[in-house]
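Thanks for coming, everyone. Please have the structure up on your screens, and I'll walk through it piece by piece.

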Amino acid sequence: MALNMLSPTEINAISFLDTSRTNNHLLKLQAGVVLKRKDLGAAFGKRIQCSVQQAPPSAWPGTAVVEPGRRTWDGPKPISIVGSTGSIGTQTLDIVAENPDKFRVVALAAGSNVTLLADQVKTFKPQLVAVRNESLVNELKEALVDADYKPEIIPGEQGVIEVARHPDCATVVTGIVGCAGLKPTVAAIEAGKNIALANKETLIAGGPFVLPLAHKHKVKILPADSEHSAIFQCIQGLPEGALRRIILTASGGAFRDWPVDKLKEVKVADALKHPNWNMGKKITVDSATLFNKGLEVIEAHYLYGSDYDNIEIVIHPQSIIHSMIETQDSSILAQLGWPDMRLPILYTLSWPDRIYCSEVTWPRLDLCKLGSLTFKQPDNVKYPSMHLSYAAGRAGGTMTGVLSAANEKAVEMFIDEKISYLDIFKVVELTCEKHQAELVSSPSLEEIIHYDLWARKYAANLQPASPGLTPALV
């Protein structure tokens, strides 16, 4: 019986069983024996919880306090941007353009969009530019032939690394996607640059290696995504030990109002209909599965040192509260605002200062006009990604990077209509279970990258077959 023939309840029931027993349980389900969730041992989660390793030091252990003697600048703060032509990069440059007295760009790195990169060079006049796709260097030079300013150009991955560790920059915005962002981030940390973090893999995959390195070099990791920026803003000045709980808000994605028994009918077009806004395909599907929030749970653990038992997810359809914290005395602190990535990016660049923003380009939140805010508990049956993410997080080491890479590959396969929507969860589960025997608790950078590539390959080789998904080529 193919996995996409099972009901969501049945999928959830088998999602956390030991791989060696999965086929047997599937046969029971096929025969009409439905297993009760309370009777399931969740063997995957339990096994890896037993192997929990000591977590690396967090970036901000429950509080954010400005250290005395911090460096300041007489003029604009110098920044580098890795991934300048992507969403994070272009929004960062919008901030720089609006605040030329506060920030200046000293280096830019992009992947392959040399047309946009050339325009950025002409506007912001960086000292150094990198294009990751080496074959496009001549095209970039040609686009700049008539420019009144010519920067130094270094091609390939080495060029991206040089942008990240440019000697004149104070903060590096890491907007590049995937594990491609790990090496330049590590280079920036080793060069003593603060990190405006927009690359999830830096902590989800690289946390066990990156965090000790950041502490060694006394580097600040400042979160640039909205949820973790909200938490970061809420912990400003908290006394040590005051943080009790982290509450991550989630929109609930495309299927927040769907009954679970309808999920087996999901088409790609359905998953790409976000109820609140338009985003890229991958993040929109992650929002539908709630894997985006599961990955953010792992990031929150690495950033703030909270135990997984003290990190919760709540569905908040309006997406106005970007996340909350609870203090030891049960007070709840929240950060509110219109969904706009520019605000968290701005705060990573200006911290600990606050920069005035005009109402023309930064609409102010009107709670009376908004009317009401609502919340509900996420459904574990509808979102089995939560169990998987918490289990992987508790395992630590290379498991979290494997989870992220397997999910990325599974989403790609779903978008390409190679697997069903419900198969996404099974691909991730099987990949994580396969990795348990090789889990590395304190990985090197090379091991992190190796298992990222391994997870993508293993997930790609999982095919819909009877019974359920089984490895096809591995």
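Start at T249. Its bridge partner in β9 is V314. This is a predicted model, by the way. T249 belongs to the pairing of strand β8, residues 243–250, with β9. Those two strands run parallel, and 5 bridges join them.

Now stay on β8 and look at its pairing with β10. Here the sense is antiparallel, again over 5 bridges. Find I247; its bridge partner in β10 is M324. Is β8 covered or not? Mostly covered: 7 of its 8 residues are buried.

Move along to β10 and β11. β10 covers residues 321–327, and β11 covers residues 332–336. They pair in the antiparallel sense, with 5 bridges. I321 is bridged to L336 in β11. The two strands form a hairpin, with 4 residues between them. Look at S330 in that turn: its phi is positive, about 80°.

Put those strands together. What is the strand order of this sheet? It runs β9-β8-β10-β11. The sheet is open, has 4 strands, and its pairing is mixed. At the edges stand β9, residues 311–315, and β11. Each has a single partner strand, so one side of each has no neighbour in the sheet. From one strand to the next, the twist averages 25°.

As a reminder, strands of a sheet pair through backbone hydrogen bonds, in either the parallel or the antiparallel sense.

Next, the other sheet. This one is an open sheet of 7 strands, and the pairing is parallel. Read the order as β4-β3-β2-β1-β5-β6-β7. Which strands are at the edges? They are β4, at 152–155, and β7, at 221–223; each pairs on one side only. The twist here averages 25° from one strand to the next.

One pairing from inside that order: β2 with β3. β2 is residues 103–110, and β3 is residues 128–131. They run parallel, joined by 4 bridges. If you want a landmark, take L108, whose bridge partner in β3 is V129.

On to helices. I'll take two.

First up is α14, residues 291–304. It has 14 residues, and at 1.5 Å a residue it should span 20 Å. Its end C-alpha atoms are 20 Å apart, which agrees. How many of its residues are buried? The count is 14 of 14, so α14 is largely enclosed by the rest of the structure. Just after the helix comes G305, with a positive phi of about 75°.

Then α18, residues 399–415. Run the check again: 17 residues at 1.5 Å each should give a span of 24 Å. The end C-alpha atoms are 24 Å apart, so that agrees. α18 is mostly covered, with 14 of its 17 residues buried. Just after α18, E417 takes a positive phi of about 60°.

A quick stop at a loop. L272 sits between α12, at 268–271, and α13, at 281–289. Buried or exposed? L272 is partly exposed: its relative accessible area is 29%, and under 20% would be needed to call it buried. Now compare sequence and space. L272 and V285 are 13 residues apart along the chain, and their C-alpha atoms are separated by 6.2 Å.

Last topic: empty space. The structure holds 3 cavities of 30 Å³ or more. The largest cavity has about 50 Å³ of space. What lines it? L197, A198, N199, K200, P223, D225, H228, E299 and L303. By class, that lining has 4 nonpolar, 2 polar and 3 charged residues. Two of the earlier elements turn up here. P223 falls in β7, at 221–223, and E299 and L303 fall in α14, residues 291–304.

Finally, the second largest pocket. It holds about 650 Å³ of space. Its lining has 28 residues, and R70, R71, W73, K77 and N194 lie nearest the centre. Which helix gives the most to the lining? That is α15, residues 342–350, with 3 residues. The lining divides into 11 nonpolar, 7 polar and 10 charged residues.

That's my tour. Over to you.

How values were computed. Residues are numbered from 1 along each chain as its sequence is written. This is a predicted model: local features need pLDDT of at least 70, side-chain atom pairs count only at pLDDT 80 or more; totals for chains, interfaces and linings use all residues. Side-chain values use heavy atoms; hydrogens and water are left out. Two strands pair if DSSP finds at least two bridges between them. Axes are lines fitted to C-alpha atoms, for helices over the stretch in contact, and angles run from 0 to 180 degrees between N-to-C directions. The expected span of a helix is 1.5 Å times one less than its number of residues. Buried means under 20% relative accessible area, exposed over 50%, partly exposed in between (1.4 Å probe, protein chains only). On a 1 Å grid over the protein atoms alone, a cavity is a set of points where a 1.4 Å probe fits but cannot get out, and a pocket is an open set with protein on both sides within 12 Å along at least five of seven lines; lining residues have an atom within 4 Å of a point. Grid points are joined across faces, edges and corners, and a volume is the space filled by probe spheres set on the points. Ala, Val, Leu, Ile, Met, Phe, Trp, Tyr, Cys and Pro count as nonpolar, Asp, Glu, Lys and Arg as charged, and the others, Gly among them, as polar.
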